[in-house]
Protein chains: 2
Amino acid sequence: MKLSSKGRYGLKAMCELAKHYGEGALSLPYIAGETFLSEKYLEQLLSVLKKDDLIDATRGASGGYFLKRPPEEISVGEILRSLENGLEIVDCLSGDCKNKSTCQTYGVWAKLYGAINKCLDGISLKELVEGE
Amino acid sequence: MKLSSKGRYGLKAMCELAKHYGEGALSLPYIAGETFLSEKYLEQLLSVLKKDDLIDATRGASGGYFLKRPPEEISVGEILRSLENGLEIVDCLSGDCKNKSTCQTYGVWAKLYGAINKCLDGISLKELVEGE
DNA sequence: TTAATCCCTATCAAATTTCTAGGTATTATC
DNA sequence: GATAATACCTAGAAATTTGATAGGGATTAA
């Protein structure tokens with residue numbers, strides 16, 4: 001059970017944006033430089049985060065990306081659910097599992113899913129960039 | 001972030017063993033039949049669980065597999081750590097990450113790792129087969 | 001001796017993830 | 001108005017991981 005690179009790298013990119021919150025937009029080349037990611041790869045991560053309304057962007061010369069809300073109002077849970085396309089650790093949590101009622105292990109996944117979300121929703125982006 | 005089939009199926013096999021705890025060994029073909037898994041695949045899962053001392057086996061005719069401890073003394077955490085080869089959701093939790101001190105996101109993974117283990121260690125195999 | 005069982009390890013196939021690449025649309029600035 | 005800097009979109013190559021199959025060996029109750 002591993003978090004994907006998308007999640008790990010995307011969270012770092014979000015930290016970078018948080019660090020400069022309020023200073024206007026950061027360009028893709030700049031963020032790529034700070035996070036040591038290729039521009040093309042980072043671009044895809046940012047597009048996911050934008051689709052999920054966590055960041056926004058302005059186009060054209062001197063454009064770039066920026067957080068849509070202040071860092072203290074964005075949780076790590078939101079960010080990872082966006083990048084990982086949900087944190088359901090087993091498929092029966094997403095789709096409608098018809099054996100839910102008789103399945104001996106369903107309860108485990110439900111509890112674990114709850115614990116993961118509770119943990120991650122309790123950490124704000126601000127905490128990360130301010131070192132707790 | 002998905003749990004592997006190994007984890008899901010292996011836990012089901014453990015439930016089967018728990019259901020018959022104290023009744024002697026269950027053969028591979030029997031467990032395979034109950035869990036709807038191929039014998040050859042299930043065999044690999046059981047070999048992992050055996051290596052990690054959660055189950056034991058007797059060979060030869062009328063041999064089979066059985067829990068090494070009573071179901072109430074085996075946690076789901078132990079089982080999944082065995083099958084998943086650890087529950088470290090990122091590699092820096094296992095190996096020695098040299099950037100631990102400066103990494104902005106390390107704290108997140110550490111907290112999450114703790115939450116996952118705490119949750120799963122709090123559920124015993126007995127609870128699963130007795131329906132809470 | 002036989003048949004039923006666990007044990008070991010190699011390998012194939014499929015799926016997923018990671019990353020690269022090329023081109024398009026937009027816009028501030030000169 | 002031209003230019004250069006930017007974000008946006010989509011296809012797909014490459015690498016890795018996962019899931020599953022297969023064959024043969026060792027052990028032991030009957």
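A residue is near a molecule or strand if one of its heavy atoms lies within 4 Å of it. In this predicted model, local features need pLDDT of at least 70 and side-chain atom pairs count only at pLDDT 80 or more, while totals for chains, interfaces and linings use all residues. Residues are numbered from 1 along each chain as its sequence is written, chains are lettered from A in the order in which they are written, and side-chain values use heavy atoms, with hydrogens and water left out.

**DNA strand C**

- Of the strand C atoms within 4 Å of the protein, 60% belong to sugar or phosphate, and the rest belong to bases.
- Strand C is surrounded by 26 residues, and A:Lys40, A:Gln44, B:Leu28, B:Glu43 and B:Lys50 are the closest.
- A polar backbone atom of B:Leu28 is 2.7 Å from a phosphate oxygen of strand C.
- Bases are also approached: a polar backbone atom of A:Gly60 is 3.4 Å from a base oxygen of strand C, and a backbone N or O atom of B:Ala61 is 3.4 Å from a base nitrogen.

**Interface of chains A and B**

- In contact (heavy atoms within 4.5 Å) are 32 residues of chain B and 32 residues of chain A.
- The two chains bury about 2900 Å² between them, 69% of it on carbon and sulfur atoms; buried area is the accessible area (1.4 Å probe) lost on putting two parts together, summed over both.
- B:Met1, B:Lys2 and B:Gln104 supply 25% of the area that chain B buries against chain A, more than any other three residues.

**Salt bridges**

- Two salt bridges (a side-chain nitrogen of Lys or Arg within 4 Å of a carboxyl oxygen of Asp or Glu) are found across this interface.
- B:Asp91 forms a salt bridge with A:Lys2, with the closest N and O atoms 3.6 Å apart.

Technical notes
Polar contact = N/O pair within 3.5 Å; in protein donor to acceptor, adjacent residues only side chain to side chain.
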